[in-house]
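Biologist: Could you take me on a close look at one buried charged residue in this protein and its surroundings? Please start with the cysteines, then set that residue in the context of the whole fold.

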Amino acid sequence: MKARVKWVENVLFLGESGSGHVVAMDGPPESGGKNLAARPMETLLIGMGGCTAFDVVHILRKGRHEVRDCEVRLEAERADTDPKVFTKIHIHFVVKGQGLTDKAVARAVELSAEKYCSASIMLGKTAAITHDYEIAED
């Protein structure tokens, strides 16, 4: 896997993935930015959310469960001193579909957390990660 990050101006950077997609990253005005894009650490947290959401939807669909929506809400705390790594991350899943069971959703969340989500397993080396979920019929 490869990526490239190019400085634009001040603290605005453009990241390009190996697959050719571009992500902008910027800082707040007090750090010299213009607040034009997400912060790099925010993109890291978003990436983790995308990774685990991908897993949960994939696992449920593979089990022939009718998933219609999956939203992942993340809250993270960071260390007070440099390096300001994530120290706590809470992941809340809101999964919608027909006939979803607690057992199926709990298993999908557990499998993602413990076996499949590379991002959360990696971040779990510095952060205490907790999960919960809710199921909404639609």
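Modeller: Happy to! The cysteines first: the count of disulfides in this predicted model comes to 0. Cys51 counts as partly exposed because its relative accessibility is 22%, whereas Cys117, at 0%, counts as buried.

Now to the charged residue you asked about, Asp26. Asp26 sits in the loop that links strand E3 (22–25) to helix H1 (40–62). Although Asp26 is buried, it has no salt bridge. The nearest side chain of opposite charge belongs to Arg39, 6.2 Å away, and a salt bridge would call for a side-chain nitrogen of Lys or Arg within 4 Å of a carboxyl oxygen. What the Asp26 side chain does reach is backbone: the nitrogen of Lys34 at 3.0 Å, and the backbone nitrogen of Asn35, which lies 3.0 Å from a polar atom of that side chain. Leaving aside neighbours within four places in sequence, Asp26 is in contact with Val11 and Leu12, and also with Gly33, Lys34, Asn35, Leu36, Ala37, Ala38, Arg39 and Pro40.

For the wider setting, the protein has 3 helices and 6 strands, and from the N terminus on the order is β-β-β-α-β-β-α-α-β. The C-alpha trace spans about 50 × 35 × 30 Å along its principal axes. Of the 138 residues, 29% are buried. Among contacts with a separation of 6 or more, 51% come from residues 24 or more positions apart.

Next, the nonpolar interior. The largest nonpolar core holds 23 residues, and Leu60, Ile89, Phe93 and Val95 have the most contacts inside it. At least two residues of this core come from each of H1, strand E4 (66–78), strand E5 (86–98), helix H2 (102–116) and helix H3 (118–123). H1 gives the most, with 6 residues. In soluble globular proteins, nonpolar side chains tend to be buried together.

Ile89 is a good residue to click on here. Beyond four places in sequence, Ile89 is in contact with Leu45, Met48, Leu74, Glu75 and Ala76, among others; its list also includes Leu123, Ala127, Ala128, Ile129 and Thr130.

One last stop is Gly63, in the loop between H1 and E4. Gly63 counts as partly exposed because its relative accessibility is 42%. Gly63 and Ala108 are 45 residues apart in sequence, and their C-alpha atoms are 9.5 Å apart in space.

Technical notes. Residues numbered from 1 in each chain as written. Predicted model: local features only at pLDDT ≥ 70, side-chain atom pairs only at ≥ 80, totals over all residues. Heavy atoms only, no water. Disulfide = S-S within 2.5 Å. Buried < 20%, exposed > 50% of the residue type's maximum accessible area, 1.4 Å probe, protein only. Helix = DSSP H or I, 4+ residues; strand = E, 2+ residues; numbered from the N terminus. Lys, Arg positive; Asp, Glu negative; His and termini not counted. Polar contact = N/O pair within 3.5 Å; in protein donor to acceptor, adjacent residues only side chain to side chain. Contact = heavy atoms within 4.5 Å. Core = buried A, V, L, I, M, F, W, Y, C linked by side-chain atoms within 4.5 Å.
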